[in-house]
Amino acid sequence: MATQEPSPPSSMESNKPGFPKKILANKLEDKHLCNCCHNLLRRPFQAQCGHRFCSYCFNMTVRDGPQKCNACIKEDIFEEPTSILKQGCAFPDNAARREVENLSAVCINEGCTWKGNIKEYELSHEEKCEYTIIPCPSCKERIRFNEQERHNERECPERTLNCKYCKEPFHFKNIKAHDEICPKYPMICEGCAKKKIPREKYVDHIKFCSKFRTPCRFHVVGCDMSVEKERIHDHERACAYEHLNLLLHYIMGMKVSMEGLQPQGLELAGHKLLDLHRSLRELEVRLPGPPTPALPLPPPPAPVPTLTVSTSFTPLPSSVGAALELQLHSEKTKVAELGRRCTDLEVKVGTFENVVCVLNREVERFTTTMEAGNRQHRLDQDKIEALNNKVRQLERTVGLKDLTVAEMEGRLREMSATTFDGVFVWRISDFTKKRQDAIAGRAPAMFSPGISQNQCYRPP
């Protein structure tokens, strides 16, 4: 019966390199060291050249293809193909494994007093030591394993809390930003001193609170007093004279400002009067009869003409004078209408100022709300990123589990197809050469792939 090729070592035997040398309580021996990581052997494998490696180290070495054994090169015993490391050329060295696992060990973490052997260290202590230094998954701060719970609950700046008012989650470092936008955050009325008013109801409260101080209605004309709502009428009665005085100064200032807007209209009216006087002089020249004294020309319009316009001139005996009087009356009516429009414009300007003040307050409030919303948006983005990282980590874990399941299924199929009622024939090729290797100590043992791994044939 042909000999069966040895199966490659499983990539899932171990996912860690060798044990650190510091865990040994006794003297270290070189035969217990991995020829790759130079630490204590973890799940040792022996290559066909006789050197031992950790399962993890061997798999990492040959994952990119066959490699030369560095230990053989260092000892100057390199020989092909024996010193070529590749999948299927190594077997679990259970004897070496038992030796390593029975070695006395101590915990290397500062403050830990655990003692035992390496097997107990790997199975029950290595991953559970309370003094192990680990990074916090949120803030990356290095902490002890037994302090992880307290750190996550009390110290980690990235820990998630629930607002005690609105019950919404947020990061501890953003607690102040959340308090500024929390709709349930309790506020205190500045007027009646009422406490625990939710922010979402605070605006409605101050609308009807009689103790809340509000600006005087004459603040647009200069009154800077803030009065309680229930005393606003008493304030207006007591300060009526001051309010009227402020209003007078405000109106006078508006009038001066409006006069600066009128020159173009009044200048146009002055030019029309000048043209009218010239027309009258031309008519007098054309009329028959005794000459009439010439009408004096009005002076050219001033840069800022006043509303009072002189219309005195020498009366004409004919009907032309009456027509001119009508035209002058019409011009005076237009000037008066312009004055009324200016007055209406003053009123509108005052109204627009009040509207602008209200709009400025609304813009400030909207700006504050937008800033708070932007901060909350950044918080949400950080939370989404953390969840995405967690999802990717879970996907990688599921992929590793799938690989494990597929490998276990392959092993199960191999075991199902294996029979135990045949005749085993162990054919050893190159017996003379292998005998010399055993005498020289390069390959002292040979393993049979068809029988128990603990039984081996040692040439004399």
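This report describes the confidence, the cavity and a selection of salt bridges of a predicted model.

**Confidence**

Averaged over the chain, the pLDDT is 77, and 78% of the residues score at least 70. Two stretches fall under 50: residues 1-13, for which the model has 28 contacts beyond four places in sequence, and residues 290-298, for which the corresponding number of contacts is 16. Where pLDDT is low, predicted coordinates should not be read in detail.

**The cavity**

Searching the whole structure for cavities of 30 Å³ or more yields one, and the space in the largest cavity comes to about 40 Å³. Its lining is made up of Phe19, Leu41, Arg42, Arg43, Pro44, Arg97, Val100, Glu101 and Glu122, a set that divides into four nonpolar and five charged residues, with no polar ones. Helix H3, which spans residues 94-101, gives the most to this lining, with three residues.

**Salt bridges**

Side chains of opposite charge can pair when their charged atoms come close. In the whole structure, 20 salt bridges are found, and the table lists three of them with the N to O distance.

| Salt bridge | N to O distance |
|---|---|
| Glu99 and Lys31 | 3.8 Å |
| Arg375 and Glu180 | 2.8 Å |
| Glu337 and Arg340 | 2.2 Å |

In the salt bridge of Glu99 with Lys31, Glu99 belongs to helix H3 whereas Lys31 sits in the segment before strand E1 (44-47), so the pair ties together parts of the chain that are 68 residues apart in sequence. Both partners are partly exposed, Glu99 with a relative accessibility of 40% and Lys31 with a relative accessible area of 47%.

The salt bridge between Arg375 and Glu180 also links distant parts of the chain, since Arg375 lies in helix H11 (residues 319-417) and Glu180 in helix H6 (residues 175-181), 195 residues apart. Arg375 counts as partly exposed, at 24% relative accessibility.

The pair Glu337 and Arg340, by contrast, lies within helix H11, where the two residues are three residues apart and therefore separated by about one helical turn. Glu337 is partly exposed at 30% relative accessibility, and Arg340 is likewise partly exposed, at 45%. Elsewhere, salt bridges that share partners join Arg42, Arg43, Glu122 and Glu126 into one network; of these residues, Arg42, Arg43 and Glu122 are also among those that line the largest cavity.

Notes:
Residues numbered from 1 in each chain as written. Predicted model: local features only at pLDDT ≥ 70, side-chain atom pairs only at ≥ 80, totals over all residues. Heavy atoms only, no water. pLDDT = per-residue confidence, 0-100. Contact = heavy atoms within 4.5 Å. 1 Å grid on protein atoms, 1.4 Å probe; cavity = no way out; pocket = protein on both sides within 12 Å on 5 of 7 lines; lining within 4 Å. Points joined across faces, edges and corners; volume = space filled by probe spheres on them. Helix = DSSP H or I, 4+ residues; strand = E, 2+ residues; numbered from the N terminus. Nonpolar A, V, L, I, M, F, W, Y, C, P; charged D, E, K, R; others polar. Salt bridge = Lys/Arg side-chain N within 4 Å of Asp/Glu carboxyl O. Buried < 20%, exposed > 50% of the residue type's maximum accessible area, 1.4 Å probe, protein only.
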